[in-house]
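Reader: I'm new to this one. Could you walk me through a few of its local features?

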Amino acid sequence: MPTPAPRRTRRVLAATALLLALAGCSGTGPAESGGGAKKAAAVPAVPKPAAAPDGLPGMPPLLDPNDVYAADRPNKLSPVVRNFPSRVYVPNTNSNTVSVIDPATYKVIETIPVGIQPQHVVPSWDLKTLWVNNNRGHTLTPIDPATGVAGKPVEVHDPYNLYFTPNGKYAVVMASLDRELVFRDPHTMERKKTVPVSCYGVNHADFSADGRYFIVSCEFSAELLKVDTEKMEVIGQQKLPLAGAMPQDVKISPDGKTFYIADMMAHGMWVLDGEKFTTPKLLPTGKGCHGLYVSRDSREMYVPNRGEGSISVFDFKQNKLTKKWWLPDGGSPDMGGVSADGKVLWLSGRYDSEVYAIDTTTGRQLARIPVGGGPHGLAVYPQPGRYSLGHTGVFR
């Protein structure tokens, strides 16, 4: 007589037999002979979540998702600008002129009459035109950077500063005293949409890495705006946490995670999470912190302190200030840009009717060049990059 199986084994065999019987009744198991096999019941497909949008529609994709400035490497000039002569264009706010400097000789080679109170010289999105912002003259003067010849002024009210959406669809006029952001055709400057704002003194901006929003500084009411680029609507507004703050230039970090806002009365940079748009923290740099310019290797940012004649150097990777350069005999370093090869930082001397050329390796002053009265947002041109976001030359 065979030895009985253990109790546990008997239970497993019984359960298996029951499952097979149930399968046969439900039709999901093998069919009776001659009937063939029935297909398993179809399982409904689970819909995949929609992929996150890559960026603002029409915006050229970033060359490197970890570096918004990857297209700005030394001498990496677009075919559009490759044959343009290298020049420094200096708007003289009090003289109503633009001084043109040859960077090879450090000499003013031409003075161009423009409109009343020119504030910034702005490269167009397509890199083909330089627009002089004649703030109180209510015009934009186009300059052809291939020839240096100024064209017929275009009527644009209160153009304190000028930007371009990353897809090239619109120019954005910072109408400071009108308290408006005005979206215009980037070529004809025809008005397309006017966005009234409740803050005072909109003046500088920069765009997120995906181009879907931009951060705007409001100089006279110590506020920041967050604007939806595609909808052309203000989606966030906040007051800076310091009485008497006066925000100026805005610049995004290479990794696209942080915005920096220079503040000439807080004497430092506000550090802002653009996505969350929470209260920023202040990083002191020096008296009269005003402009922000990224090095050609994306490692550092040059921060002119207009009130004390110095330039602070911020290291992105170390997340701290690492150097401070002082101008001999003082000065009032303001707005500017970096040479195409990355070796020279050019800054206007706002209160001293001069322009400074500074070695970006040593911080040594290379030249101090007399220009007109009240020099402001000078443009170094041409510069590397595929397209311009505006101001004195923000390229991607």
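**A serine and its surroundings**

Author: Let's start with Ser-298, which touches Asp-67, Tyr-69, Arg-73, Pro-254 and Phe-316, leaving aside residues up to four places away in sequence. Contact here means heavy atoms within 4.5 Å. A word on the source: this is a predicted model, where local features need pLDDT of at least 70 and side-chain atom pairs count only at pLDDT 80 or more, while totals for chains, interfaces and linings use all residues. Residues are numbered from 1 along each chain as its sequence is written, and side-chain values use heavy atoms, with hydrogens and water left out.

Reader: Is Ser-298 buried or exposed?

Author: Buried means under 20% relative accessible area, exposed over 50%, and partly exposed in between (1.4 Å probe, protein chains only). Ser-298 has 9% relative accessibility, so it counts as buried.

Reader: Where do I look for odd backbone angles?

Author: Most residues other than glycine have a negative phi, and most peptide bonds are trans. Leu-127 has a positive phi, near 70 degrees. You'll find Leu-127 in the loop between strand S4 (118-123) and strand S5 (130-134); strands are DSSP runs (E, at least two residues), numbered from the N terminus. Met-232 also has a positive phi, about 55 degrees, though it is not a glycine. Met-232 sits in the loop between strand S15 (223-228) and strand S16 (233-239).

Reader: And which peptide bond is cis?

Author: The one from Tyr-381 to Pro-382, with omega near 0 degrees. Pro-382 is in the segment after strand S29 (379-381).

Conventions. Helices (H or I, at least four residues) and strands (E, at least two) are DSSP runs, numbered from the N terminus.
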